Amino acid sequence: MTVAIESAPLLQIENLRVYYWTQAGPVKAVDDISFTINPKERFGFIGESGCGKTTTIMAILRLIKRPGRIEGGKILLKGSDILTLSDEEMRQSRWSRISLIPQGAMNSLNPVMRVQDQIADAIVTHRGAVPIRELRERIGDLLETVQLSAEVADMYPHELSGGMKQRVCIAMATALEPELIIADEPTSALDVVVQKAVMETLIGVQERLNASMILIGHDMGMTAQVADRVGVMYAGKLVEVAGTRELFRQPQHPYSQALISSLPSIREKKRGGGIPGLPPFLLNPPQNCLFHPRCPHAVAFCQETPPPMHRIRTSHMAACHLLSAPEQFDSAGESDGGVLGATKAAAGAEAPSGHQTR
Amino acid sequence: MTTAFMPETGPETAPAEESSIGTRGLRASVRYWLGNWKLSLGLAMIIGLTGFSIFGSYIVDFDLTKVAAGDFNARPSEKYLLGTDNVGRDVWALIIHGIHPSLKVGLIAGVLGTAVGVVLGVVGGYYGGSTDAVISTMADIFLTIPSLLILVVLASYIRTTTLEFTALVIAIFAWAGPTRLIRSQTLSLRERAFVPLAKLSGQSDFEIAIKQILPNLLPYIMAGFVGAVSGAILALVGIQILGLGPLFTPNLGMILQAAYEGAAIFRGMWWWWVPPTAALMIIFISLFLISLALDELANPRLRERAK
Amino acid sequence: MSLTYILRRLGIFFLILWVASTLNFVIPRLAPGDPIAALIGEMEEQGATVENSAELINLFRERFGLDDPLPIQYLKYMAALARFDLGYSIRFFPATVSQIVAAALPYTIGLLTATSLITFVLGILAGALLVWHSTPQFGRAVITFFMMLAPIPYYLLAIIFVSVLAFSLGWFPYSGVVSVGRLAEEGFDFGYIVDLVYHSLLPAFSIIIAGVGGWVLGMRGMMVTVLGEDYLTLAEAKGLKDRRIFLRYAMRNAILPQFTALAITLGYVVSGATIVELIFSYPGMGLRLFEAINSNDFPVIQGITFFLVVSIAVAILIIDLIYPWLDPRITYSRK
């Protein structure tokens, strides 16, 4: 399922850092992450809440609010860094090049404006005045692409169900045919049946536009089905990136392993468990490898040196000393903690030891 | 198919926000309050003014506030610190003896109004239904009908003689504001998780109201109280300027009314009208600062903005 | 808009009228004895000459049916009110209360409608700008200063203005509605209007300056809430222009609760700014009310009070009825 790299990447994030400046010091919400998104690709983010997924995408839109700040790095959209754009240039890029399907679609529509006016707002701002007839027709078409009737255009948000609002948001996000659609938990507020239908609509629209998509899923199973590639985030770091199938079959980073093994699986008749411990308090994070306090394989070395991103295959990278410095683990006498063991454990029938909830 | 370890918490972009009440927020709150200039300045002003008036009352002879106690229309001098009015009362003595009675009226009406407001607000907000409908409709009506004018009508018939009685009359209208404020907050508190939890653990409604709801209402109760006090003083002075207040106990409204009647402005007798005006401004501004600070306590979002 | 919604609002409208007019009925009767005779007697005691006092007393007895039992009196009183029959002024007999009100009303409405609307617009804009991210620091400082004036009663400002601007500096006239000697009958021309406006400036300033802060406060609170809403984030993500987000998304939503307050304020307009009118000798309802109080002209006091209650109730009714148009959610929730 992995999409072959056709051409230059659409989006390249290089060493992006976003900090929130609190009175007690900086909270490194996104700390030195790099990844790329190819044209037409669907890229999924997984990780526990608070690990920096939403902050990352808000940084891509340059919508980080005080006390947060983008501290460094590059966000290259088709090769040019959007962090160097002026505010006005950035405003023009939003929606026309990068659009957002927000996390809380329930409350993301202005309650006192008709659906039509809210969609028209985006079109008119970026494309200039359009004759009203043409505009209405365009909006009707857009609504049709998300399986809504044209009458919805004249309704107010409170007259719509959750699924309909979400569809309106999708229609709105595609109104200007952007190159990149960011979907932040686009289905989280919906019930399961509607979730699937909305997701199908979203993918249909994305494919029709040949747009790329970043998808943050609250539901890993859904992400696994939809995304071409997946990035795993932990405490503001990107710990693993791989093709979806490869990641879910052979997760390399202990955190990914734990995350994936916690998924309930029908085939194996086991219940999804949690990962013991809590994500770190980012004001005072652990040294170097942020996951070591919860990691079953951790050795002293993990606290001493930051793990580099290790390339396993062309499209599979993970940041763990198990991969980049396995000798450290051998010397520590951890016979079952090597790469091989971990991989086997994740791919096999059993979760790695120590991952079960106590 | 949701994963077990992803709690659906708020947006992760939000930095850890200290809760206003609760164990974790307690120390932060104390630190916050010590550093809040609005609260410290407001409290300092009102406490300073009250102290000045109460201690001053022991030092400055009350007889100086009586008619013909000194010269008429005297300018400020060593003998008369703030001059005298047109009937020979010493303005300095009037002010010192006049501040605390005005504050007392505000306090009486404020305490009564807030007490009634808390009881009705909690009952209405917690039980809901027809009890709530009656309480909130009455509160709305009392907020709508022009209280000052009704007070004026009432005062012109009853011609109140004592400040305490005036305070009681003002209290008739002082309960509606706090009732509405407390009711809406109780309503939202009732929906929070800890109330059903307390119910499951077998606490009675009364226990829940006292132990769970009241502590969380504290900032709103204080805000309602400050508002009621300030509103009561405003109403008192309004009634007095119209010549309907008690005329015998020295107080700020009375001094102002006398200054107006005596055309103090047009006779250039600034020492007569400036001091009561200034004292009233200090009272209103200090209460306002305190209520702003309380607002920020109740609504942390305002705190962020206020910095 | 549904019928139940309208009926509900009408119900509240009549409830307000009923409570207020009943208070108006009850209060005078709390005083022992015959209120009318007591009134006239009191006035005569004070040395006022009441012409035709016997005729007046009879008229009043008839009007109020004071020999009837209380419930009948109450019904008659209500019936008279329903016809807007507010009775006679004691001081200016045989003038009716309605005539006195009608004479004072234009001044008050002119002064206060204008100032209330100006205050509202300034306050709402300033309050919204106070918490808007692109407002310059200097602007915020100015707005904060005016916000700090919110707790100061307008009459204190009026006193200060009269003293400084009118008395000490002599920039403004400090009393009356037009220059002495100029009468409306001599010609209601441009000069007259200029004079009228010039005389109204100082009272207007004191009302506006004292009033802006309150609106700033209310709007600031609502704005802060709205700025945290998801639809604001999305509006920004949509790349809308700053001004459009401010007006159509933020202010448009934050302003909704302020409309009710505006209605009440406009309703209060007819009562006049009693104390300001008093301080500036401005011949509006407030001054009439003050005179009525000083001369114990109870029918006028009660009449003005009742008139005020009606106008507030009407204002609230109107805002309630147009609210669904301002906030589409209301219609829905009442369906």
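Helix pairs with an angle over 145 degrees between their axes count as roughly antiparallel, and those under 35 degrees as roughly parallel. The exercises below use a predicted model.

**Exercise 1.** Work out how H11(C) and H14(C) are oriented to each other.

*Solution.*
- Find the helices. H11 covers residues 256–268 of chain C, and H14 covers residues 298–326 of chain C.
- Take the values. Their axes come within 7 Å and cross at roughly 155 degrees.
- Apply the cut-off. Angles over 145 degrees count as roughly antiparallel, and H11(C) and H14(C) are therefore roughly antiparallel to each other.
- Add the hand. The crossing of H11(C) and H14(C) is right-handed.

**Exercise 2.** Decide whether helix H9 of chain A is enclosed, starting from its buried residues.

*Solution.*
- Recall the cut-off. Buried means under 20% relative accessible area.
- List residues of H9(A). Among the buried ones are Pro254(A), Tyr255(A), Leu259(A) and Ile260(A).
- Conclude. Eight of the eight residues of H9(A) (254–261) are buried, so this helix is largely enclosed by the rest of the structure.

**Exercise 3.** Place Lys40(A) in its loop and classify its exposure.

*Solution.*
- Locate Lys40(A). The loop runs between strand S2 (25–37) and strand S3 (42–46) of chain A.
- Check the backbone. Phi of Lys40(A) is near 65 degrees, a positive value in a residue other than glycine.
- Classify. Partly exposed lies between 20% and 50%. Lys40(A) has 41% relative accessibility, so it counts as partly exposed.

**Exercise 4.** Describe the peptide bond between Arg66(A) and Pro67(A).

*Solution.*
- Read omega. The value is about 5 degrees, and the bond is cis.
- Locate Pro67(A). This residue sits in the loop between helix H1 (53–60) and strand S4 (68–77) of chain A.

Technical notes: Residues are numbered from 1 along each chain as its sequence is written. Chains are lettered from A and ligands numbered from 1 in the order in which they are written. This is a predicted model: local features need pLDDT of at least 70, side-chain atom pairs count only at pLDDT 80 or more; totals for chains, interfaces and linings use all residues. Side-chain values use heavy atoms; hydrogens and water are left out. Axes are lines fitted to C-alpha atoms, for helices over the stretch in contact, and angles run from 0 to 180 degrees between N-to-C directions. Helices (H or I, at least four residues) and strands (E, at least two) are DSSP runs, numbered from the N terminus. Angles under 35 degrees count as roughly parallel, over 145 as roughly antiparallel, 65 to 115 as roughly perpendicular and the rest as oblique. A crossing is left-handed if the near helix is turned anticlockwise from the far one by less than a right angle, and right-handed if clockwise. Buried means under 20% relative accessible area, exposed over 50%, partly exposed in between (1.4 Å probe, protein chains only).
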